[in-house]
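Colleague: I'm new to this one, so could you take me slowly through a single part? I'd like to look at the place where the two chains meet, and at what sits behind it.

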Number of protein chains: 2
Amino acid sequence: MALIVQKYGGTSLANLDKIRQVAEHIIRTKKKGDDVLVVSSAMAGETDRLIRLSRSIIDPPDERELDVVTSSGEQVSSGLLAMMIKSLGYDAVSFQGHQVRIITDNAYSKARIVKIDDEKIKKALLNGKIVVVAGFQGVDEEGNVTTLGRGGSDLTAVSLAAVLKADACELYKDDVDGVYTTDPGICRNARKLKKISYDEMLEMASLGSKVLQARAVEFAKKFSVPIHVRPTGRPDTEGTWVVEEEEAMAEMEDIVISGVTYDKNQAKITIMQVPDRPGIAAKLFTPIGNEGIVVDMIVQNVSTEGYTDMTFTVPRTDFKKALRITEEVAKELSAKGVTSNNHIAMVSLVGVGMKTHSGIASRMFSALAREGINIIMISTSEIKVSCVIDEKYTELAVRTLHDAFNLGE
Amino acid sequence: MALIVQKYGGTSLANLDKIRQVAEHIIRTKKKGDDVLVVSSAMAGETDRLIRLSRSIIDPPDERELDVVTSSGEQVSSGLLAMMIKSLGYDAVSFQGHQVRIITDNAYSKARIVKIDDEKIKKALLNGKIVVVAGFQGVDEEGNVTTLGRGGSDLTAVSLAAVLKADACELYKDDVDGVYTTDPGICRNARKLKKISYDEMLEMASLGSKVLQARAVEFAKKFSVPIHVRPTGRPDTEGTWVVEEEEAMAEMEDIVISGVTYDKNQAKITIMQVPDRPGIAAKLFTPIGNEGIVVDMIVQNVSTEGYTDMTFTVPRTDFKKALRITEEVAKELSAKGVTSNNHIAMVSLVGVGMKTHSGIASRMFSALAREGINIIMISTSEIKVSCVIDEKYTELAVRTLHDAFNLGE
């Protein structure tokens, strides 16, 4: 008897009809003899509605209270889903973050899971119940309600799958049926991948692919949780498996690049002519980090006459806050000034094949250059190359790269 | 420095404008130098919406999951209210039932408060914060989410006021500005009472007056919590104080009756020709009680030929369940059958003056008889007389009694 974790996204739970379909699918799995643990997202649009409501009070809203408000979305959907399953004749029970309990740190709206007490879940599963856990939410050690950030329900699912040593973690999506070489909305010939490695998925997620939350993939990799990204309502359609690199590579043969991804949630900030002394970077990035802002790329140019310029990117949603902090630090450091641009995007190539193939970056730069797209910043890792470009060229750049590396069907 | 507990009803928190007005009023109180503990109801219509949603899955919905779903309403409003107070420059923090913690028994949808850990609240108040507690909800010893029943936020407020020994428990209403001699919607000349005793308020609440939840009044009486029922948004308007009998009586002089109340949430069930043996009542009312159904009146007629008829009333919302149980028991007991009527109402006279004045009941029966209203069942207590009548005569009966006892202005 296997244990299957199934996570359903908000569009899969958008209304009672859809919730019924999801419940029926859960019961199909249960009927096969497997234990089922379900993680529910908020009904489509609900989280946004609650954020809007909060923002019309004050923007940004108080973070602690925002988490109290937004976590209610998953509370409602988990209760409704458990109710629906019971109404169809199968025993079910819902658990909230404070009941499971999913203990997190205190970083409101982007909390990290510290510990999961799985006792209640195990007991309920042993009693033959289908367990529905509200995604996205947890509590800190003090019992304050926290949330795990956008897409946090993926993380809830993977973490529970890891702790409970589940045989598979199925992430059901309503808007996509798997992981594609790029956004099919931009490239018509985007191709669905059968398998992808954790690392590639991780890069794609952190580079803007909205299919999976990056932290969920990280967690899955760490604990070797096999993820299956699947379409809701089509039980016979295989989606994409996210698995160990060896397993993924066996499938991919000599494919070098797995996908092209982009991220428009990007802004850059430059602090100009700052005295080039040790400790400057720490002075700037410590207060930014303390605010929970994740800095992605950092570029520091060669020091001239004891001064240096430092440019970095942050999620556009944290732009205002990061800019305010940078301006304060710039004053302290007697820098010449601060410039910023929140109309940039990042396009990236991802592929484990890069480890063994050279020349990928230069082929990428040439392809962009042929279209006259200026590269503002560059960042590379073992399995990806990212370029920051003007936001308006995003789609053009994605199509150009998808073609240049023959990723289409 | 006093501690004031303020509870706001759903219509007082119906939208962000109203939430702002409430926040401003809370801050006015805080500015006077008092500590303020606020209890929030769900935004108007939200609880009903969540119940409707649940009932369209299955009616009645699973009770445990219904509480998970409905408690989200107060979670959202408490978060928004705390956010609003902070946005106006005063420190505030929200607490849910599982955080405070408000420990209840396991009777979903009508749980009773067992214990309140007030440590977190005390600490927050000491730190100068305005504390907002989500009304209506608690958790049982196992951490399951429970709710306290309709109007349960009143109970949350009074319980917290009792535990924290608050100087006053202000219950703000948007639809009424105090307690009236009867429903002003039915009698135009209904009069607002300045003071009323706990016992009278208790009778009025349990007899259908929707101003206060009966259990909240019970609790207030037990712990001598002075309640002030006040209109939202009119800080200078005095409402009605609910206080000890001596204090209330001093005000009332020789008024015998304080009010006329009615309850349409009534249904009656008769089990016919049941063998008249000891233990019959227990056989019937034990399973009904086990389902958490509150039986109000019970009438048993004189036994003839070893058989008896037994009629009792239950809240109309529990009618189906009670009828099903009664039919099962009737079969077991070989009773002749079961009849029922869920189109009845109860009208009642309430007044502590009854203790010292006789003839109230007969004046009531005469007044109803003059209007041709048939009395189906009668029940009396020290300070009230209730008659069950055909539902269609409810308003007529209320007006008749209000006039007959000169309760108008």
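Modeller: Here is a walk from the contact between the chains to the sheet of chain B. Bear in mind that this is a predicted model, in which local features need pLDDT of at least 70, side-chain atom pairs count only at pLDDT 80 or more, and totals for chains, interfaces and linings use all residues. Residues are numbered from 1 along each chain as its sequence is written, while chains are lettered from A and ligands numbered from 1 in the order in which they are written.

The contact draws 29 residues from chain B and 29 residues from chain A (two residues are in contact if their C-beta atoms, placed from the backbone, lie within 7 Å). On the chain B side, α2 (46-55), α3 (63-70), α4 (72-87) and α5 (97-100) each supply at least two residues; helices are DSSP runs of H or I with at least four residues, strands are runs of E with at least two, and both are numbered from the N terminus. The most comes from α4(B), with 11 residues. By class, this side of chain B has 14 nonpolar, 12 polar and 3 charged residues (Ala, Val, Leu, Ile, Met, Phe, Trp, Tyr, Cys and Pro count as nonpolar, Asp, Glu, Lys and Arg as charged, and the others, Gly among them, as polar).

Let's stay with α4(B). Of its 16 residues, 15 are buried, so the helix is largely enclosed by the rest of the structure; buried means that 20 or more other C-beta atoms, placed from the backbone, lie within 10 Å of a residue's own. After α4(B) comes Gly89(B), with a positive phi near 95 degrees.

How do the two copies relate? A rotation of 180 degrees with 0.1 Å of shift along its axis puts chain B on chain A, with an RMSD of 0.1 Å (a least-squares fit on the C-alpha atoms of residues with pLDDT of at least 70 in both). That is the relation of a two-fold axis. In chain B, Ser72(B) has the C-alpha nearest the axis, 2.8 Å from it. Both copies use the same surface: 100% of the contact residues of chain B recur in chain A.

Now for the sheet. Chain B has an open one of 8 strands with mixed pairing, in the order β3-β6-β2-β1-β9-β11-β12-β10; strands pair if DSSP finds at least two bridges between them. At the edges stand β3 (92-95) and β10 (195-197) of chain B, each with a single partner strand, so one side of each is left without a neighbour in the sheet.

Technical notes:
A residue is buried if 20 or more other C-beta atoms lie within 10 Å of its own, exposed if 12 or fewer, and partly exposed in between; C-beta atoms are placed from the backbone.
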